[in-house]
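Trainee: I would like to go through this fold with you. Can we start with the overall picture and then turn to the strands?

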Amino acid sequence: MTPPQAPLTGTATDEERPAAVSLRVQTLTKRADFLRASRGPRVATPGFVLQMRKRSTEEATGTRVGFTCSKKVGNAVARNRAKRRLREIARLVLHELGREGMDYVLIGRARTTATRPFSQMLTDLEDALNTLHGKKQ
């Protein structure tokens, strides 16, 4: 027995389909990248610390971001929650305010990253990016 076939009328051809655009930025995974970012400029906010590094022209293009939370943030559940929140604010803000060829590292803070209101964390990231990029507030 074969399953029924879906009708082909009304489907878009390859030429008519819009290109898929990913809003996801690349993630830093290597320790060396985190160490290079730690030597760059940083901004401390109540919910997290943001570090930035401008990559050389030989390195790959695009915006990259890394997330880290030490054991000071709490147990594994608290660290994972803090990192999930950092990933989400980065996803929402970096595609608009992040710059090409930059590495960003968001570092969670003890007792505040997991509990700070989400809207305030979004504002904190926008303000921190504007500060690092030298824009007036």
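Trainee: What percentage of the 137 residues counts as buried?

Mentor: This is a predicted model; local features need pLDDT of at least 70, side-chain atom pairs count only at pLDDT 80 or more, and totals for chains, interfaces and linings use all residues. Residues are numbered from 1 along each chain as its sequence is written, and side-chain values use heavy atoms, without hydrogens and water. Buried means under 20% relative accessible area (1.4 Å probe, protein chains only). Of the 137 residues, the buried share is 36%.

Trainee: In what pattern do the helices and strands follow one another?

Mentor: Helices (H or I, at least four residues) and strands (E, at least two) are DSSP runs, numbered from the N terminus. The protein chain has 3 helices and 5 strands. Along the sequence they read β-α-β-β-β-α-β-α.

Trainee: How many residues of β4 are buried?

Mentor: Strand β4 covers residues 64–68. It is mostly covered. The buried count is 4 of 5.

Trainee: Which residue of β4 stands opposite Q26?

Mentor: Strands pair if DSSP finds at least two bridges between them. Strand β1 (residues 26–27) and β4 pair in the parallel sense over 2 bridges. Opposite Q26 stands R64.

Trainee: Is the crossover from β4 to β5 left-handed or right-handed?

Mentor: Strand β5 (residues 102–108) runs parallel to β4, joined by 5 bridges. V65 stands opposite Y104 in β5. The chain crosses from β4 through helix α2 (residues 76–97) to β5. Right-handed would mean a clockwise path from the first strand over the helix to the second, with the strands pointing away from the viewer; this β-α-β crossover is left-handed.

Terms used:
Buried means under 20% relative accessible area, exposed over 50%, partly exposed in between (1.4 Å probe, protein chains only).
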